[in-house]
Amino acid sequence: MNCTVKRGITGALFLFAVVLLQCQASAQIQRDSLAQTPPMGWNSWNKFACNVSEDLIKSVADAIASNGMREAGYQYVVIDDCWQVSRDENGFIVADPQRFPSGIKALADHVHSKGLKFGIYSDAGARTCAGRPGSQGHEYQDALQYARWGVDYLKYDWCNTGTRNAEEAYSTMSRALLATGRPIVFSLCEWGTAKPWLWGKGIGNLWRNTGDISDKWSSKKKWPDGSCCEYGMVDILDQQVGLAAFAGPGHWNDPDMMEVGNGGMTIPEYRAHFSFWALLAAPLIAGNNVRSMSPEIKEILTNLEVIAVNQDKLGREGERVKKNGDLEVWAKTLADGSRAVILFNRGSEEAEVSVAWEEIGYPAHLTAKVRDLWAHKEAGTFTGSYSAKVPSHAVVMVKIIP
Ligand code: GLA
């Protein structure tokens, strides 16, 4: 073989290697490319806690695919804690054979067959919050197993983590998930203790920033071990103030899954809960029994005008722009330059709440159309400000369109 030929072969091999590397680089998933808008779906915990089974998850997927929720944007069906019981002799995680007799792969296939995505739960400690096996020391093995099963979303809890460093622990699982090559949305459930909004971008796609939500308007209850806390809806809302700047496409603040429809709040209170989660660009993860809900609850969860605010492509989180005792104004800038605005009355009597254009970044002389997102109609055209009567424990949610 003469030199020219040899050089030719070496060159071709080199070129092949470069192309291969480039292909691999472009195939590699970037964490932030997932969940470009806040994830929408359903999770078993708030309603069913440990009472999970393949029958439950299948029937929930069937309901979401047939009751209008899928068309409204709900996508991920997530089993929370208690699906897992042990590890096998090779260290692989084992699902409860009584509750999931067909196995997790078959369940994921069923969820996928309904045009939905499938999510699962684990924990960064040796045990989950309900005492089931966690992923510590098994991160790559668990990620591999999830990918084999067809998992699209992982919620990763923080119980029994001792002195582990949160950023390190979540980075390990994030890398393990990416290494599978399967796009798996990563939900950090660290409860805000180590301020995940400061380091979560690039590691997770969403991060809890408070203790658990409870199905109450307002409450703050310590856990049995004395640690803090389980909160009512408005107590979680108050803890969102100041966090908006940390959210954006691919990385969202998570004020916890929704309680809409679980029975502990009134319809106006649930409407307020849903409006705020939408305005906060929060993940819209329903937590009720979606197989049998009242028309009022379904109407809340599938309000397309409110969901559009949540899913707006700009990915800005809304913020509180005014507080006057029990009366507040919250606003979110949308991609077309309009504003979604919540007029909020947390008091016990009906009250008039008003928003001045200057409070939402518009000049006072501007004339804008106001559309009511719950009444589904135009409220009219206004210059400088807009006011509405808001009942007790309720919101008026509008879009202000210059
Ligand atoms: C923690 C989480 C909850 C839920 C339970 C499951 O409390 O914050 O959302 O996942 O664990 O045990």
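Me: In this predicted model, what makes a residue count as surrounding the ligand, and how many do?

Reply: The test is a heavy atom within 4 Å of the ligand. In this model 13 residues surround the ligand, and the closest are Asp80, Asp81, Lys155, Asp157 and Asp212.

Me: What makes the approach of aspartate 212 to the ligand a polar contact?

Reply: The cut-off is a pair of N or O atoms within 3.5 Å. A polar side-chain atom of aspartate 212 sits 2.5 Å from an oxygen atom of the ligand, so the pair falls within that limit.

Me: And how do you know that aspartate 80 and aspartate 81 qualify too?

Reply: Same kind of check. For aspartate 80, a side-chain N or O atom is 2.7 Å from a ligand oxygen; for aspartate 81, the distance is 2.8 Å. Both values are within 3.5 Å, so both pairs count as polar contacts.

Me: How much of the ligand does the protein cover?

Reply: On its own the ligand has 310 Å² of accessible area, and the protein covers 94% of that.

Me: Over to the helices. Why is α3 called roughly parallel to α5?

Reply: The axes of α3 (residues 54-66) and α5 (residues 103-113) cross at roughly 10° and come within 9 Å. Angles under 35 degrees count as roughly parallel, so α3 is roughly parallel to α5.

Me: Which residues meet there, and what classes are they?

Reply: From α3 you get Glu54, Ile57, Lys58, Ala61 and Asp62, which meet Gly103, Leu107, His110 and Val111 of α5. By class, that contact has 4 nonpolar, 2 polar and 3 charged residues.

Me: What makes alanine 49 worth flagging in the backbone?

Reply: Its phi is near 45°, a positive value in a residue other than glycine. Most residues other than glycine have a negative phi. Alanine 49 is in the loop between α2 (45-48) and α3.

Me: Which peptide bond is cis, and where does cysteine 229 lie?

Reply: The bond joining cysteine 228 and cysteine 229 is cis, with omega about -5°. Most peptide bonds are trans. Cysteine 229 lies in the loop between β10 (220-221) and β11 (230-231).

Technical notes: Residues are numbered from 1 along each chain as its sequence is written. This is a predicted model: local features need pLDDT of at least 70, side-chain atom pairs count only at pLDDT 80 or more; totals for chains, interfaces and linings use all residues. Side-chain values use heavy atoms; hydrogens and water are left out. Axes are lines fitted to C-alpha atoms, for helices over the stretch in contact, and angles run from 0 to 180 degrees between N-to-C directions. Helices (H or I, at least four residues) and strands (E, at least two) are DSSP runs, numbered from the N terminus. Angles under 35 degrees count as roughly parallel, over 145 as roughly antiparallel, 65 to 115 as roughly perpendicular and the rest as oblique. Contact means heavy atoms within 4.5 Å. Ala, Val, Leu, Ile, Met, Phe, Trp, Tyr, Cys and Pro count as nonpolar, Asp, Glu, Lys and Arg as charged, and the others, Gly among them, as polar. A polar contact is a pair of N or O atoms within 3.5 Å; within protein, one must be able to donate a hydrogen and the other to accept it, and residues adjacent in sequence count only if both atoms are side-chain atoms. Accessible areas come from the Shrake-Rupley method with a 1.4 Å probe; for residues, only the protein chains shown count as cover.
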